[in-house]
Amino acid sequence: MTDISKVSKVPGVHSLDHFVLQVPDLNEAEKFYTTFGLDVQRTGNELKLGCFGQDHIWSIIKGGAERKKLDYVSFGIFKEDIDVFRERLEKYGIAPDETEQERIMFRDPCGMLVELRVAGKSSPRSKRTPQPMPCTVGGRGAPFRREIKQVHPQRFAHALFFTPDIKKTLDFYCTVLGLRISDEAGPIAFLHGIYGSDHHLVAFAESPSGGIGYHHSSWDVGSIEEIGLGAMQMEAAGYTGKGWGLGRHVLGSNYFHYVRDPWNSYVEFNFDIDYIPEGMYWEPNMDGPAPEDTLYLWGPGVPEDFVINYEAK
Ligand SMILES: [Fe+2]
């Protein structure tokens, strides 16, 4: 395979600005994401998901669908780059569905609806230094459970989408959107932005049953302890469907716990993911790591249906 990471040139998208889902029952979605700790604003038949203390809308959830379905994915770009993206799309043979001065909407080669919009960089500009866990001498390190407050994710981290053709998807997202491959592990690939981002701001998994779809969104919390407490707050509210965690990924290095949502996709509590600064060349693992390094360093076994695309017909 061509090493498309190395031929990808500036510009590129700088962030996954937001993603939009359709679900059958908006009340169910409101309860789920509120319990997860997000700032959920309801307007009519729509939820806007953000993180407390920030203005950015990371996701829009629309109600009334027959079943859960990915609507579109929006990537943030810098204003001075938009004409280059228009040229690249034209060269790639993709005609926009909609185009405005600061926005282009089109379908990628596998049929996923994608928006490029001029927006501020919402992906992190640097890696946050994790605070050390308290480990005291002559005092209590752990708080009492009665003192625990709800965990609130501090920012959106990344999302993973299904594609029917991973090679076609990678070629498009690297050569047209300017993303770079951080690691590729068989049917799953992790992509970062050239202006500095986490190890992956978006990832794709080839769906064995075909079709596009939403697998999970990942939200950053402040510590491993917050991952554990977050998992408990979801379980206490009745979200006991088969999730995955607590564990640590090899690719990206992040600690994780995935909670199954009401539509058999997931939200992930994420902490301490690798960061790739602007200007750094990250050597991608193009041939794929050893099988034991593909998904996790430690943690419980992967649920059998973890990579099933329930949106595929
Ligand atoms: Fe993830």
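Begin by selecting Gly120, which in this predicted model lies in the loop between strand 8 and strand 9 (155–163). Gly120 is exposed, because 11 other C-beta atoms lie within 10 Å, and 12 or fewer count as exposed. If you add Lys68 to the selection, you will find that Gly120 and Lys68, although 52 residues apart in sequence, are 29 Å apart in space when taken from C-alpha to C-alpha.

From Gly120, step back to strand 8 (residues 113–118), which runs parallel to strand 5 (residues 69–77) and is joined to it by five bridges. Within this pair of strands, select Phe75, and opposite Phe75 you will see Leu116 in strand 8.

Now widen the view to the sheet that holds both strands: an open sheet of eight strands, in the order 2-3-4-1-5-8-7-6 and with mixed pairing. At its edges are strand 2 (39–43) and strand 6 (98–100), each of which pairs on one side only. Averaged over the sheet, and with direction ignored, neighbouring strands are turned by 20 degrees against each other.

Next, select the helices that lie across these strands. Helix 2 (residues 26–36) lies across strand 2, strand 3 (46–50) and strand 4 (59–62), and runs at about 10 degrees to strand 3. Helix 3 (residues 82–91) lies across strand 5, strand 7 (103–107) and strand 8, running at about 25 degrees to strand 7.

Stay with helix 3 and ask which of its residues are buried. Ile82, Phe85 and Leu89 are buried in helix 3, and they are on the same side of the helix because they cover an arc of only 55 degrees around the axis. Strand 5, strand 7 and strand 8 are among what covers the buried residues of helix 3. Turn to the other side of helix 3, where Asp83, Glu87, Glu90 and Lys91 are exposed. Just after helix 3, select Gly93, which takes a positive phi of about 85 degrees.

Then return to Phe75, which, together with Phe161, Leu191 and Ala203, touches the most other members of the largest nonpolar core, a set of 70 residues. Strand 9 gives the most to this core, contributing six residues. Select Leu191 as well, and among the residues it touches, leaving aside those up to four places away in sequence, you will find Tyr173, Ile181, His200 and Ala203.

Finally, colour the chain by pLDDT, which averages 93, with 96% of the residues scoring at least 70. Over residues 1–8, however, pLDDT stays under 50, and for this stretch the model has 13 contacts beyond four places in sequence.

How values were computed
Residues are numbered from 1 along each chain as its sequence is written. This is a predicted model: local features need pLDDT of at least 70, side-chain atom pairs count only at pLDDT 80 or more; totals for chains, interfaces and linings use all residues. Two strands pair if DSSP finds at least two bridges between them. Helices (H or I, at least four residues) and strands (E, at least two) are DSSP runs, numbered from the N terminus. Axes are lines fitted to C-alpha atoms, for helices over the stretch in contact, and angles run from 0 to 180 degrees between N-to-C directions. Two residues are in contact if their C-beta atoms, placed from the backbone, lie within 7 Å. A residue is buried if 20 or more other C-beta atoms lie within 10 Å of its own, exposed if 12 or fewer, and partly exposed in between; C-beta atoms are placed from the backbone. A nonpolar core is a set of buried Ala, Val, Leu, Ile, Met, Phe, Trp, Tyr and Cys residues joined through C-beta atoms within 7 Å. pLDDT is the predictor's confidence in each residue, from 0 to 100. The arc is that of the directions from the helix axis to the C-beta atoms.
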